[in-house]
Each structure stands twice: as structure tokens, then as C-alpha cells.
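Colleague: Could we go through the packing in this model together, one question at a time?

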Amino acid sequence: MDLRAATTERIVTDWHSGIAISGFDPVSYFIDGAPVAGRPEYEYVYQGVVWRFRNEGNRNAFADNPSVYAPLFGGYDPVGVARGISRPGHPEVFLVLRGRLLLFFNEAARAKFVEDPIAVLTDAQSNWPQVRAHLTP
């Protein structure tokens, strides 16, 4: 069964494949503490985007509660969102904080975030509705 979905800019997605976060399994960040490549046979469509998982259990966990496992801000860099811009986060530059996955544009952005995560998250949450409104659904 082909689960390809239309691409959307509201979640960081590969324009050609429609796959979220470069095909990494979002549940693996929580279970393994690292990104693990998902497999085509374990795909799930959420918010119009294809997500890949390394096994059926991870896919089911995501399907049961995607808001827990999907990256915050659709996978956009929270430092950029805090500044009012959308820069895609890189799935290998990440942090799990307070049970949420954050993807960063680069190591410098992650370092900036770590300096004052509360301030960055406060600004990012405040700016996210405006940033999101400029992204194509």
C-alpha cells in the first residue's frame, strides 16, 4: 500500500518524497536517545505527511499519541521560531527536553538554545502561530 501524502510546509518534510524528518523514526529519539532510520514498511500518515518507523511498535506508539513524539514546532528550529523565522531543523541535531523533541538548524542554534531554553521556548511559543501562518498547509 502506498501511503505517500502531499507535502506540507507546516512540518519539515522532504519535498520529493513527502517524508517527515528525513525518514528518521521520531519515537527512537525517546527510546534510543538518538535518531534511528525508519523503514518504508512501517509508515504512518499524520497531518498530511508520511512518517517512518523502525518497527510496528514505534509506529503504533506514534499513532496513539503523535503530539508526544512529533517534533515541536513541526520540526522547525526553535531558535529561528523565537526570532520569527522558519528554519528547518536537522534531524541529527536534536534535544529531548521536558518530553518534547526539538530539532535545530545546526549545532550553533542548539548551543544558543541551551544557554536559556526557557526564554527561547517562551519566545518560540509566542511567535509560532505567526510563523506557522506563513507556512503552506
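What follows is a short exchange on helix packing, a core and one side chain.

Modeller: This is a predicted model, in which local features need pLDDT of at least 70, side-chain atom pairs count only at pLDDT 80 or more, and totals for chains, interfaces and linings use all residues. Residues are numbered from 1 along each chain as its sequence is written, and side-chain values use heavy atoms, with hydrogens and water left out.

Colleague: At what angle do helix 5 and helix 6 pack?

Modeller: Helices here are DSSP runs of H or I with at least four residues, and strands are E runs of at least two, numbered from the N terminus. Axes are lines fitted to C-alpha atoms over the stretch in contact, with angles from 0 to 180 degrees between N-to-C directions. For helix 5 (residues 107-115) and helix 6 (residues 117-133), the axes are 5 Å apart and the angle is about 105 degrees.

Colleague: Which element supplies the largest share of the largest nonpolar core?

Modeller: Such a core joins buried (under 20% relative accessible area, 1.4 Å probe, protein chains only) Ala, Val, Leu, Ile, Met, Phe, Trp, Tyr and Cys residues through side-chain atoms within 4.5 Å. The largest has 18 residues, with Phe-113 and Trp-128 among those having the most contacts inside it. Its largest share, five residues, comes from helix 6.

Colleague: Is Asn-127 buried or exposed?

Modeller: Asn-127, found in helix 6, has a side-chain polar atom 2.6 Å from the backbone oxygen of Ala-82. Because its relative accessibility is 18%, Asn-127 counts as buried.

Methods
Buried < 20%, exposed > 50% of the residue type's maximum accessible area, 1.4 Å probe, protein only. Polar contact = N/O pair within 3.5 Å; in protein donor to acceptor, adjacent residues only side chain to side chain.
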